[in-house]
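Work through the exercises below with the sequence and the model open. Each task is followed by a solution in steps.

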Amino acid sequence: MSDAPDGGEPVFEDGPLPLITSERFEALASEWAELHRSTPPALPFSHPIWHEAWLRHCGAGAFPVFLALRSPTGEESESPLMGVIPLDVGGAEPRFLGDPDLSDHSGALIAPGQEAGAAAALIEWLMEDLSPGFEAWGLPEAGRLRPALLAAAARYGWTASEEPEAVTPTVELPETWEAYVAALPKKYRHELRRKLRNLERAGDVAFESATAPGEVAEVVEGLLGMMRESREEKAAFLTPEREAFFRDLATGLSEHGLARIATLTFDGQPAARIFALEGGGATMLYNSGFDPSLSQLAVGLLSKALLVRDAIERDRSAVDFLRGTEPYKRHLGGRPRDIVIVRLSGA
């Protein structure tokens, strides 16, 4: 990073910094959605629908600011969108917008290869805003934005620290279900096969997914009901605001192929349901529930195993079980991937 010789825009190592400005959500949403669609690694957490639904139902205490990153070439109004960084500036210092209890990853969307410039532009914006620091939560340790923020902080003389926040157990998928099962540790492999046999011997089993918005809207109430019934902590978690968030999120994301609700049926009746997200080549298990009267048949665990089989059949690259260290994630082959918080403090 250096000053331009003529006193103009600062120059980054690979050229001018991206333009970074605050823009209204309504004006930005369509272009943001198109950038998300054209960015293969993008996850649903960085889609404008996610932020819109969260703010409507759960973001009463937030003060949202949407930073648009644009190419420095050409007129600002015509510059291509390179990224969006949604912020909450309502606290002592800005942070990524959202709630880690509902969003497993941060909502920043940066075009691949633009992370270094985006991080530098963000710090310049924070400096101009006289912000004392910044909290970047929900960053995959293996992602590209985390090291970009650390490098930009060092370049501007800011202090940076990071700490573990969560793990997201993930299983990389082989080409076939048989290869997946064979790769499980012996104990879990035998248990899975035994439980599947018991379920199939006990009655008629099917596994299907609702993907169209109308289909998702029809089954989302059943999902919420099973979430409430299956575990006391989920019933407590499902406040009216969060239920409304889940309804809007499921139908809104399904319009873009980013969400589905999968149902395991037993003798023609729903036995377990999963709210799954799609993005970055992976299927993500966002939330789930089951019929407690069928717990002896392990329908909760088996619905997740069948989600893995379905993902293999659809040529997905991985199943991400998202945040949490529940034992079933390890039993189904998930290996932890770290999520970290990066905290920045001004010079």
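Two residues are in contact when heavy atoms lie within 4.5 Å. The model is predicted: local features need pLDDT of at least 70, side-chain atom pairs count only at pLDDT 80 or more, and totals for chains, interfaces and linings use all residues. Residues are numbered from 1 along each chain as its sequence is written, and side-chain values use heavy atoms, with hydrogens and water left out.

**Exercise 1. The whole protein**

Task: Describe the contacts, secondary structure and dimensions of the protein.

Solution. Step 1: among contacts between residues at least 6 apart in sequence, 74% join residues at least 24 apart.

Step 2: count helices (DSSP runs of H or I, at least four residues) and strands (runs of E, at least two), both numbered from the N terminus. The protein has eleven helices and 16 strands. Its radius of gyration is 22 Å, close to the 20 Å that the globule rule gives for 347 residues, so the protein is as compact as a globular protein of that length. The radius is taken over C-alpha atoms, and the rule is 2.2 Å times the number of residues to the power 0.38.

Step 3: along the principal axes, the C-alpha trace spans about 80 × 40 × 35 Å.

Step 4: apply the burial classes, where buried means under 20% relative accessible area, exposed over 50%, and partly exposed in between (1.4 Å probe, protein chains only). Buried residues make up 53% of the 347 residues.

**Exercise 2. Helix 3 and the residue after it**

Task: How many of the 14 residues of helix 3 are buried?

Solution. Step 1: helix 3 covers residues 115-128 and reaches 20 Å from its first C-alpha to its last, close to the 20 Å expected at 1.5 Å a residue. The expected span is 1.5 Å times one less than the number of residues.

Step 2: eleven of the 14 residues are buried, so helix 3 is largely enclosed by the rest of the structure. Among them are E115, E124 and W125.

Step 3: take I123, which is found in helix 3. I123 is buried, at 0% relative accessible area. Not counting residues up to four places away in sequence, I123 touches L149, A152, A153, Y156, W158 and L344.

Step 4: move past the helix to L130, in the loop between helix 3 and strand 8 (133-140). Most residues other than glycine have a negative phi. L130 is not a glycine, yet its phi is positive, about 60 degrees.

**Exercise 3. Two loop residues**

Task: Is L130 buried or exposed, and how does A298 count?

Solution. Step 1: L130 is exposed, with a relative accessible area of 74%.

Step 2: A298 sits in the loop between strand 14 and helix 10 (299-313). Phi of A298 is also positive, near 55 degrees. At 16% relative accessibility, A298 counts as buried.

**Exercise 4. V171**

Task: Which residues is V171 in contact with, leaving aside its neighbours within four places in sequence?

Solution. Step 1: V171 lies in strand 10 (residues 170-172) and is buried, with a relative accessible area of 5%.

Step 2: the contacts of V171 are Y180, S317, A318, V319, F321, L332, G333 and G334.

Step 3: check one pair. V171 and F321 are 150 residues apart in sequence and 8.2 Å apart in space, C-alpha to C-alpha.
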